[in-house]
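The following exercises concern ring pairs and charged pairs in a protein model. Please work through each task before reading its solution.

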Amino acid sequence: MQTNIVTTADLARRIRAHALRMVHRANASHIGTCLSMADLLACLYGGILRVRPQEPHWPQRDRFLLSKGHGAAILYAVLAERGFFPTEWLETYCADGSLLTGHISHHVPGVEVSTGSLGHGLSIGCGMALAGKRDGADYRVFVMLSDGELDEGSNWEPILFAGHHRLDNLVAMVDYNKIQSFGSVAEVLGLEPLKAKWEAFGWAVREIDGHDHGQILSALQALPFQEGRPSVLIAHTVKGKGVSYMEGELAWHYRSPNAELLQKALDELGGCQ
Amino acid sequence: MRTAFIEELCDLAEQEERIWLLCGDLGYSVLERFRDRFPNRYVNVGVAEQNMTGMAAGLAMCGKIVFTYSIANFPVLRCLEQIRNDVCYHRANVKIVAVGGGLAYGAQGYTHHGVEDLAVMRVLPEMTVIAPGDPIETRLATRAIVRHEGPCYLRLGKAGEPTVHLAEPNFEIGKAIKLREGNHITLISIGGMLATVVKAAERLAEDDIQARVLSMHTLTPLDREAVLAAATETGGIITVEEHGVGGLASAVAEVLAAEGCTVPFRALHLPRKPASHAGSQEALRGVHGLSVEGIMTAAKAILG
């Protein structure tokens, strides 16, 4: 376990640094949301997901769907770090002719689905989980949701469906960073009591600190949280986590760091060249 | 048409294990035969078309051929973004089936009139759009879309549509079926208007007007050759569709304009205006000239 934590911590640092450089180079938005889920992604790809980077369409792979498709940069980063494609590709993020679009694209190896309009991933994940159940396959389906995304009514249809059909091979993860596009979640459209909502829909819920690798890994190693129920991991996170001047700041949903701020961010992360 | 569809789908599912059927809590007295024979490949997802369509995409990404089924606008407009992003963008092997297309639910009011579906579906990337003309074409279309890899939209009538074809025609996606030869004028029909169009052609023949009749069952990809042949070989074109603007008429006009054809052209379709009164399918069609008389009047206007 200790080794895993060290490894995933290093992976988290590396993908944060990649994402920062990518949005800096592309003058792109959404770094805050990338950083809030960096630790979740590092743990997933560093020790939980059963995937084969050399065989991205391996039928028995675990599926990871990024429903909050605007967090594309850091998913590309972790896929590159895991060897799905060369890390040099990251330098083309959002550039003319690049496959690496600003919202996640299935044309990139390792990416299951393209999203960008919120509220799509969980239904697709439900379909994949149902296929797995009926086919007797043992893969699992992970869907990463944002908190603001839960405003979309389309999420609550699959939440209802998965509970009813007892899809315990389906795992939702909520990157609960408390800030959505134009204000705090509490101000715009409050989600609380969020745990009780999922429980009422038949899901087994765990709440964790989404930056504590020990908590993340131990939760993800305990899947399903309950036999016969879909699992949801509500991960309390901080938008912009890891870069002091971005943490908890709505502006970093939109802004891109200039060269000076990029260097400051990389210095803070430490351990990255 | 819906009976022909479900019977054919059951036959196909017997042979092809990848076929799944999802419904949005509609299909009473129709879908039971699939549900009972293939329970492991059937799901009533509930009254939740967005989830139905997203799930269909997910199932298709796991190798299934997935049919979604509901009535009129529900499997189309309610979940349009799921169709665009989840199905079309990923070229997922999903077949969207809408029963009661056009004015089949005439008396139920405008919410149940599927009269913009063809226009909306035909602009989506990767989407094959088919509206068969009778129960025979329905069976053939169902077979064809199972073989076709990629997103398809199948717009059906409801029940009791007359069988128009006397024998099983050759059916190919994107190839119009010529039901009647003629060189004075061409009547191009899509979907359930076919019986009316054939009848109009028979009546015109009594007046020595020989009308060519094309069943344009596939709107996208459109049979350009059949349209251009009609333009050069006959004295005019009339499109007939139980649909508003932007459907068959627009698709045919695009071909004619692009090729610089100046053939006389009339488009019979519904206005861009919700029906405000109840009416049977026949009654509502007739109000807007989608009738034997309406077609004959348009033909005679062109031929002077």
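**Exercise 1.** Are A:Trp156 and A:Trp198 buried or exposed?

*Solution.* The model is a predicted one, in which local features need pLDDT of at least 70 and side-chain atom pairs count only at pLDDT 80 or more, while totals for chains, interfaces and linings use all residues. Residues are numbered from 1 along each chain as its sequence is written, chains are lettered from A and ligands numbered from 1 in the order in which they are written, and side-chain values use heavy atoms, with hydrogens and water left out. Both A:Trp156 and A:Trp198 are buried (buried means under 20% relative accessible area, exposed over 50%, partly exposed in between, with a 1.4 Å probe and protein chains only).

**Exercise 2.** Classify the ring pair A:Trp156 and A:Trp198, and place the two residues in the chain.

*Solution.* Begin with the criterion: rings of Phe, Tyr and Trp (its six-membered ring) pair if their centres lie within 6.5 Å, and planes under 30 degrees apart count as stacked, over 60 as edge-to-face and the rest as tilted. A search of the whole structure finds 10 aromatic pairs over all chains. For A:Trp156 and A:Trp198 the centres are 6.1 Å apart and the planes stand at 45 degrees, so this pair is tilted. Next, A:Trp156 belongs to helix α6 (residues 156–164) and A:Trp198 to helix α8 (residues 194–200) of chain A, so that the pair links distant parts of the chain, 42 residues apart (helices are DSSP runs of H or I, at least four residues, and strands runs of E, at least two, numbered from the N terminus). Finally, A:Trp156 and A:Trp198 form one aromatic cluster together with A:Phe201 and A:Trp203.

**Exercise 3.** Describe the salt bridge between B:Glu233 and B:Arg212.

*Solution.* A salt bridge is a side-chain nitrogen of Lys or Arg within 4 Å of a carboxyl oxygen of Asp or Glu. The side chains of B:Glu233 and B:Arg212 meet in such a bridge at 2.8 Å, N to O. Because B:Glu233 lies in helix α8 (residues 224–233) and B:Arg212 in strand β9 (residues 211–215) of chain B, the pair ties together parts that are 21 residues apart in sequence. As to accessibility, B:Glu233 is partly exposed, with a relative accessible area of 44%, whereas B:Arg212 is buried, with 5%. Elsewhere, salt bridges that share partners join B:Glu7, B:Glu8, B:Arg33, B:Arg139, B:Arg143 and B:Glu168 into one network.
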